Amino acid sequence: MSFSTIQKSLPPHLQRLMTKGEYVHTGMLIIGGIFTWFFFNSYFSFLAKAYVTLRVMKCLYIISKSFVVHRVMPEMDISHLRDTWTVVTGGTDGIGKAYTLEMARSRGIRRFVLIGRNAQKLTIIETELKKDFKCEVKTIIFDFDGGDWAELTNELKDLDIGILLNFAGLAPGMVGNLVEQEEGLASRIMQVNTISCVRMNELVLPKMIEKDRGIIVNMSSMTGLESRPGFQAESIQKFESFQIYTWV
Ligand SMILES: NC(=O)c1ccc[n+]([C@@H]2O[C@H](COP(=O)([O-])OP(=O)(O)OC[C@H]3O[C@@H](n4cnc5c(N)ncnc54)[C@H](OP(=O)(O)O)[C@@H]3O)[C@@H](O)[C@H]2O)c1
């Protein structure tokens, strides 16, 4: 049964309504068609496709770069730094601990100065380095939040430091602004993550330049590339780490 047969069988007022409905229907189809055409063929579609392509390319670039760095490029030769001291902040836990053990395991580094607040945690990694890799280890108990820098400077001043690994860091336990976060946390993050990082660089860099050798690793994060709401203090510090990298 065709549309017009149904229409003719209806009372006149319904016939008019159906005619109008047909117009509305056709109108909607035209608008939908125009919208679809715009979406798939227009400038906006070009932008959408360009954006998706860019993200995919960026992802592929990161994957291939990491493959090239880890599997293709020759390892950086750091054998000339094996007899110097490697100073580690934040080496008692997490990434810093794993990195320190890896430096001993795969890069043959044998002399470490570990800086941390917690004597027990320092002893755990000290024992591991000594037992498993026959390393020489010094530990310094120091709190980057309020510790006496003159004392730390004094402890390090006579050491031939070849490598500095800066991992000490605090992160907010929850996402939130200054008022929502635990009181004083943002300024502590600045103190422990930012000021300590810059000061450690200031401590070791002049001698490294004088001796024309040395490596500094300052830990950063994705939050340093893109500020995230609720992570501002961390973002500022991590952005600063990227800046130190270009600065050094
Ligand atoms: N975890 C992640 O997903 C991630 C991602 C990107 C970047 N990062 C960065 O990587 C670094 C390490 O992160 P993580 O997750 O491995 O941290 P973690 O497991 O919490 O370890 C933090 C380290 O920092 C030390 N530390 C903290 N406050 C200190 C203070 N006031 N004085 C001296 N030392 C202090 C701690 O030593 P003691 O407690 O022994 O004193 C510990 O060794 C941080 O800078 C962090 O921002 C982490």
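Start by selecting helix 4 and helix 5: their axes come within 11 Å and cross at roughly 20 degrees. That makes helix 4 roughly parallel to helix 5, since angles under 35 degrees count as roughly parallel, over 145 as roughly antiparallel, 65 to 115 as roughly perpendicular and the rest as oblique. Axes here are lines fitted to C-alpha atoms, for helices over the stretch in contact, and angles run from 0 to 180 degrees between N-to-C directions. The crossing of this helix 4 and helix 5 pair is right-handed: the near helix is turned clockwise from the far one by less than a right angle, whereas anticlockwise would be left-handed.

Now show the side chains at this contact. Helix 4 brings Lys97, Thr100, Leu101, Ala104 and Arg105; helix 5 brings Ile125, Glu128, Leu129 and Phe133. Two residues are in contact if their C-beta atoms, placed from the backbone, lie within 7 Å.

**Ground rules**

This is a predicted model: local features need pLDDT of at least 70, side-chain atom pairs count only at pLDDT 80 or more, and totals for chains, interfaces and linings use all residues. Residues are numbered from 1 along each chain as its sequence is written.

**Whole chain**

Zoom out. The protein has eight helices and five strands. Helices (H or I, at least four residues) and strands (E, at least two) are DSSP runs, numbered from the N terminus. In order from that end, the elements read α-α-α-β-α-β-α-β-α-β-α-β-α. Among contacts between residues at least 6 apart in sequence, 69% join residues at least 24 apart.

**The sheet**

Select the strands. All five form an open sheet in the order 3-2-1-4-5, with parallel pairing. Strand 3 and strand 5 are the edges, each pairing on one side only. From one strand to the next, the twist averages 15 degrees. Two strands pair if DSSP finds at least two bridges between them.

Next, pick strand 1 (residues 85-89) and strand 2 (residues 111-116), which pair in the parallel sense over four bridges. Then look at helix 5 again. Helix 5 packs on the sheet and touches strand 2 and strand 3; its direction makes about 175 degrees with that of strand 3.

**The core**

Which residue of strand 2 stands opposite valine 88? Leucine 114 does. Beyond its neighbours within four places in sequence, valine 88 is in contact with Gly96, Thr100, Phe112, Val113, Leu114, Ile115, Leu165 and Phe167.

Widen the selection to the largest nonpolar core, which has 28 residues. Val87, Val88, Phe112, Val113, Leu114, Ile161 and Leu164 touch the most other members. At least two core residues come from each of strand 1, helix 4 (94-107), strand 2, helix 5, strand 4 (161-166) and helix 7. Helix 7 gives the most, with five. A nonpolar core is a set of buried Ala, Val, Leu, Ile, Met, Phe, Trp, Tyr and Cys residues joined through C-beta atoms within 7 Å.

Colour by burial. Of the 248 residues, 21% count as buried. Buried means 20 or more other C-beta atoms within 10 Å of the residue's own, exposed means 12 or fewer, and partly exposed lies in between, with C-beta atoms placed from the backbone.

**Two loop stops**

Go to lysine 134, in the loop between helix 5 (119-133) and strand 3 (136-141). Its phi is near 55 degrees, a positive value in a residue other than glycine. Lysine 134 counts as exposed because it has 9 C-beta neighbours inside 10 Å.

Finish at aspartate 212, in the loop between helix 7 (185-211) and strand 5 (215-218). Here phi is near 60 degrees, again positive in a residue other than glycine. With 6 C-beta neighbours inside 10 Å, aspartate 212 counts as exposed.
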